[in-house]
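Hi there,

Here is the structure I promised to pass on. Have a look at it first, and my notes follow underneath.

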Amino acid sequence: MIRLEGVKKVYEGIGKSPDILALNGVNLHIKKGEFAFVLGHSGAGKSTFLKLILREEVATEGQVIVNGLNLNKMRQRQIPYFRRQLGVVFQDFRLIPTMTAYENVAFAMRVTNIPERQIKRRVPYVLNLVGLGSKAYSLPQELSGGEQQRIALARALVHSPPIIIADEPTGNIDPELSIEIMELLQAINTVGTTVVVVTHERDLAMRFNKRIITIDHGEVVKDTPPKPRRPAGQVQQTAAAASNRRAQESLRRQPAQHRPHTVTAAGREGRQG
């Protein structure tokens with residue numbers, strides 16, 4: 001779905017300024033239907049990674065392939081059509097202040113010449129999906145930061161894109177609302193949409209059992225897959241076994257005369273020791 005092969009990106013210096021190596025030999029594959037955090041501090045290379053997969057920049061070396069398309073070879077006139085396959089959520093929301101929530105989402109469809117009857121069906125659906133059906137005719141300034149981010153997410157979803165890319169989606173909202181936005185992205189991912197969240201918030205990423213790709217000084221320094229989930233029955237058995245071990249250890253530490261009666265595996269009562 002998203003593949004970087006030996007990607008290097010160098011920004012040429014202006015005048016006497018030196019060249020800047022933003023990404024260096026990055027190899028990365030995010031599969032269809034995956035949820036991945038791309039983590040790193042300011043200046044680590046996250047923004048360049050984002051610009052490459054949005055085709056705002058072109059790799060100096062290597063290949064960037066998104067949804068089967070080689071972005072290095074993409075012509076300028078093809079870029080707008082390619083970007084319609086992506087739903088992008090920005091940190092600063094980028095809502096049009098003079099338009100209502102409904103109009104902001106509908107505008108994303110109108111610029112691609114979608115018939116009005118489809119817009120009237122689709123926009124209320126996605127607004128309800130993000131829990132803001134009742135705020136359809138509110139202006140952005142009448143909404144909270146979390147609600148504005150939900151409108152931005154609805155706008156990203158309105159074309160049913162196979163990939164959602166969120167650039168610091170929780171940077172301008174409260175921590176409690178950040179969790180809500182991430183849970184909403186997680187729900188979107190469960191229906192098969194690939195989700196990539198670019199962020200510097202390590203603690204937030206760690207709350208969710210998702211893949212975490214860490215970029216530092218232009219290189220992927222860590223790629224942590226999600227931990228495998230154990231069946232509920234297995235979790236209960238493991239917890240029971242751990243509890244039993246703790247109880248047995250506690251018994252061993254007690255003098256023999258103070259050890260309580262226990263029930264054996266066969267169900268017979270006997271005295272320890």
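**Thr199 and its surroundings**

Thr199 is part of strand E8, which covers residues 194–199. Please keep in mind that this is a predicted model. Is Thr199 buried or exposed? With a relative accessible area of 2%, Thr199 counts as buried because the cut-off for that class is under 20%. Setting aside residues up to four places away in sequence, Thr199 touches Phe37, Val38, Leu39, Gly40, Lys46 and Glu168. There is also a polar partner to look at: a polar atom of the Thr199 side chain lies 3.0 Å from the backbone nitrogen of Glu201.

**The largest pocket**

You may enjoy turning the model to find this one. The largest pocket holds about 720 Å³ of space. It is lined by 23 residues, and Arg83, Leu86, Val88, Phe90 and Arg155 are the closest to its centre. Sorted by class, the lining comprises 11 nonpolar, seven charged and five polar residues. Several elements contribute at least two lining residues each: helices H1 (46–53), H2 (79–83), H3 (101–110) and H5 (145–157), along with strand E6 (86–89).

**The chain as a whole**

The chain has eight helices and 12 strands. Of its 273 residues, 40% are buried. Among contacts with a separation of 6 or more, 65% join residues 24 or more positions apart. The exposed surface of the chain comes to about 15500 Å², with 50% of it supplied by carbon and sulfur atoms.

Happy to go through any of this with you.

Best wishes

Key
Residues numbered from 1 in each chain as written. Predicted model: local features only at pLDDT ≥ 70, side-chain atom pairs only at ≥ 80, totals over all residues. Heavy atoms only, no water. 1 Å grid on protein atoms, 1.4 Å probe; cavity = no way out; pocket = protein on both sides within 12 Å on 5 of 7 lines; lining within 4 Å. Points joined across faces, edges and corners; volume = space filled by probe spheres on them. Helix = DSSP H or I, 4+ residues; strand = E, 2+ residues; numbered from the N terminus. Nonpolar A, V, L, I, M, F, W, Y, C, P; charged D, E, K, R; others polar. Buried < 20%, exposed > 50% of the residue type's maximum accessible area, 1.4 Å probe, protein only. Polar contact = N/O pair within 3.5 Å; in protein donor to acceptor, adjacent residues only side chain to side chain. Contact = heavy atoms within 4.5 Å. Areas by Shrake-Rupley, 256 points an atom, 1.4 Å probe, with all protein chains shown as cover.
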